[in-house]
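Work through the exercises below with the sequence and the coordinates at hand. Each task is followed by a solution in steps.

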Amino acid sequence: MDLTSSKEAGLQIVTVQETRIDAAVALAFKDGMREITEDGDDIVLLDLNHVQFIDSSGLGAIVAAMKNLGKDRRLVLAGLTPTVDKVFRLTRMDSVFGVFSTVEDAVAEFGG
Amino acid sequence: MEITLTKRERLHPFTISLPGVEGAVRNGLAQTIEKLAPLKLSADDKGTVELVLAEALNNVIEHALAATQGTTLIEVTVRHDEKGLHLTITDEGVPMPTGQAPGAKAPDVDVDLADMPEGGFGWFMIHTLAEEVQYERIGDANHLRLMLSLDV
């Protein structure tokens with residue numbers, strides 16, 4: 001699972017460099033997120049703008065990544081493409097995560 | 001005012017088959033979407049078809065075919081009529097334990113972080129996105145019939 005990480009004031013941005021988070025990669029995504037967010041900032045912004053498709057396994061893996069951060073850290077999302085957005089809205093998971101249209105919006109909210 | 005109507009071709013019913021293993025799902029979905037090209041579906045409808053079919057295939061592989069590890073095939077038959085798109089997913093795995101498709105109940109997300117559900121969304125999404133969901137065990141095979149009323 002290709003994940004890249006960058007820093008902004010006050011938050012870590014993790015970008016998924018793949019087009020799908022589905023059953024085939026859900027486990028690799030969970031493991032990758034655990035590794036890349038270790039010792040990071042309290043707020044982790046998951047940038048999903050390259051992701052065109054997630055299924056319920058992918059959704060579960062994102063939830064698992066949030067739970068793994070623990071209650072003192074937060075996972076927020078940005079860059080949801082239409083089908084990904086549909087999955088979050090249908091399952092009401094959009095109410096659980098903070099969801100931002102763009103990475104810039106999230107950085108403006110949390111940064112500096 | 002000029003109204004442009006996109007002329008749709010008729011979709012000939014088709015069947016694809018894929019090995020009943022996790023790694024084959026992406027290809028099965030891509031093949032299905034490609035063969036739906038004559039319907040000129042919107043991006044939104046394509047997303048709906050792909051989601052519903054992905055959840056159905058994942059369920060078959062995780063449950064019905066859990067023990068066979070890709071040694072048997074799953075068949076997906078697709079046809080379109082005035083009601084919508086009809087998908088039939090057939091496998092020769094173990095039957096549904098209850099004899100019917102699981103229900104439409106959404107997992108509760110108004111819970112503490114530690115209790116947040118990581119699964120159970122698949123059938124909820126299938127029921128939410130499909131107009132009709134019918135399961136039948138015929139002989140040694142599971143038949144799941146889904147009807148999607150699409151905006152075409």
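**Exercise 1.** In this predicted model, find which residues B:Asn58 touches, not counting residues up to four places away in sequence, and decide whether B:Asn58 is buried or exposed.

Solution.
- Step 1. Locate the residue: B:Asn58 belongs to helix 2 (residues 43–64) of chain B.
- Step 2. List the contacts, leaving out residues up to four places away in sequence: B:Asn58 touches A:Ala23, A:Asp55 and A:Ser57, as well as B:Val25.
- Step 3. Apply the cut-off: buried means under 20% relative accessible area. B:Asn58 has a relative accessible area of 5% and is therefore buried.
- Step 4. Check a C-alpha separation: 8.7 Å lies between those atoms of B:Asn58 and B:Val21, which are 37 residues apart along the chain.

**Exercise 2.** Determine how many aromatic pairs there are over all chains, and classify their geometry.

Solution.
- Step 1. Count: there are 2 aromatic pairs over all chains.
- Step 2. Take A:Phe88 and A:Phe97: their centres are 5.8 Å apart and their planes are at 80°, an edge-to-face pair. Both A:Phe88 and A:Phe97 are buried.
- Step 3. Take A:Phe100 and A:Phe110: with 5.6 Å centre to centre and 75° between the planes, this pair is also edge-to-face.
- Step 4. Place the second pair: A:Phe100 lies in strand 7 (residues 98–100) of chain A and A:Phe110 in helix 4 (residues 103–110) of chain A, 10 residues apart. A:Phe100 and A:Phe110 are both buried.

**Exercise 3.** Identify the ring over which the charged end of B:Lys35 sits.

Solution.
- Step 1. The ring is that of B:Phe14, and the charged end of B:Lys35 is 5.9 Å from its centre.
- Step 2. Compare with the distance cut-off, which is within 6 Å of the ring centre.

Methods
Residues numbered from 1 in each chain as written. Chains lettered and ligands numbered in written order. Predicted model: local features only at pLDDT ≥ 70, side-chain atom pairs only at ≥ 80, totals over all residues. Heavy atoms only, no water. Phe/Tyr/Trp six-rings, centres within 6.5 Å; stacked < 30°, edge-to-face > 60°. Buried < 20%, exposed > 50% of the residue type's maximum accessible area, 1.4 Å probe, protein only. Helix = DSSP H or I, 4+ residues; strand = E, 2+ residues; numbered from the N terminus. Lys NZ or Arg CZ within 6 Å of the ring centre and 35° of its normal. Contact = heavy atoms within 4.5 Å.
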